[in-house]
Amino acid sequence: MNDLGYYIAKNYNIEIFRNEAGNGYVVQHPELRGCITAAKSIRRAIESLQEAQCQWLISALEEGYPVPEPESDCHFFRYRDCSGSIEYLEKDNCFHGKIINIKSLVSYESRTIEGLAEEFIEAVDDYLDDC
């Protein structure tokens, strides 16, 4: 069985939803059933999700519950039926990504994963509003 460090280092996907009232976000790792958080800002929601992921993994490992591997080797955001890549460029010390499976090239970048989530949401909203 692998240890906590092994699973923490994995790239689990992040699904992002606006809450029903439209004044916050719900985020989850779909591969980790029940690993879900919510907050008014996407930054806080992603921070909370990182904390929830750690606790989910600790509990699963302690209880002997099987921990799934990520769906793919790539790390993705999902929001409003759009998917976006997440990559870290060590030479530039920043995260970047692009919306995938669309005809246009729409990219986003940030120094933090929380900032990248904000940029991804803005890019998707702008792209869909222009379509």
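This is a chat about the sheet, the cysteines and the largest pocket of a predicted model.

Biologist: Let's start with the sheet. How many strands form it, and in what order?

Modeller: Seven strands, in the order S3-S2-S1-S4-S5-S6-S7. The sheet is open and its pairing is mixed.

Biologist: Which are the edge strands?

Modeller: Strand S3 (36-39) and strand S7 (107-110), each of which pairs on one side only.

Biologist: And how far are neighbouring strands turned against each other?

Modeller: By 25 degrees on average, if you ignore direction.

Biologist: OK, S1 and S2: parallel or antiparallel?

Modeller: Antiparallel, with four bridges between strand S1 (residues 14-18) and strand S2 (residues 25-28). To find your way there, look at Glu15, whose bridge partner in S2 is Gln28.

Biologist: What about S4 and S5, how many bridges there?

Modeller: Five, and strand S4 (residues 75-79) is antiparallel to strand S5 (residues 82-89). Arg78 has Ser83 in S5 as its bridge partner. The two strands make a hairpin with two residues between them, and Arg80 in the turn has a positive phi of about 50 degrees.

Biologist: Which residue takes a positive phi in the hairpin of S5 and S6?

Modeller: Asn93, near 55 degrees, and that hairpin has four residues between the strands. S5 and strand S6 (residues 94-100) run antiparallel and are joined by five bridges. Leu89 is opposite Cys94 in S6.

Biologist: Switching to cysteines. How many disulfides turn up in the whole structure?

Modeller: Zero.

Biologist: Why is Cys54 not in a bond?

Modeller: Because its closest cysteine sulfur, in Cys35, is 9.9 Å away, which is too far for a bond; the cut-off is 2.5 Å. Cys54 is partly exposed, at 23% relative accessible area.

Biologist: And Cys82, buried or exposed?

Modeller: Buried, since its relative accessibility is 9% and the limit is under 20%. Cys82 has no bond either, because the closest cysteine sulfur, in Cys131, is 8.2 Å away and that is too far.

Biologist: Now pockets. How much space lies in the largest pocket?

Modeller: About 260 Å³. It is lined by 15 residues, and the closest to its centre are Ile8, Lys10, Gln50, Gln53 and His75.

Biologist: Which element gives the largest share of that lining?

Modeller: Helix H2 (residues 42-63), with five residues.

Biologist: And how does the lining divide into nonpolar, polar and charged?

Modeller: Nine are nonpolar, five polar and one charged.

How values were computed: Residues are numbered from 1 along each chain as its sequence is written. This is a predicted model: local features need pLDDT of at least 70, side-chain atom pairs count only at pLDDT 80 or more; totals for chains, interfaces and linings use all residues. Side-chain values use heavy atoms; hydrogens and water are left out. On a 1 Å grid over the protein atoms alone, a cavity is a set of points where a 1.4 Å probe fits but cannot get out, and a pocket is an open set with protein on both sides within 12 Å along at least five of seven lines; lining residues have an atom within 4 Å of a point. Grid points are joined across faces, edges and corners, and a volume is the space filled by probe spheres set on the points. Ala, Val, Leu, Ile, Met, Phe, Trp, Tyr, Cys and Pro count as nonpolar, Asp, Glu, Lys and Arg as charged, and the others, Gly among them, as polar. Buried means under 20% relative accessible area, exposed over 50%, partly exposed in between (1.4 Å probe, protein chains only). Two strands pair if DSSP finds at least two bridges between them. Axes are lines fitted to C-alpha atoms, for helices over the stretch in contact, and angles run from 0 to 180 degrees between N-to-C directions.
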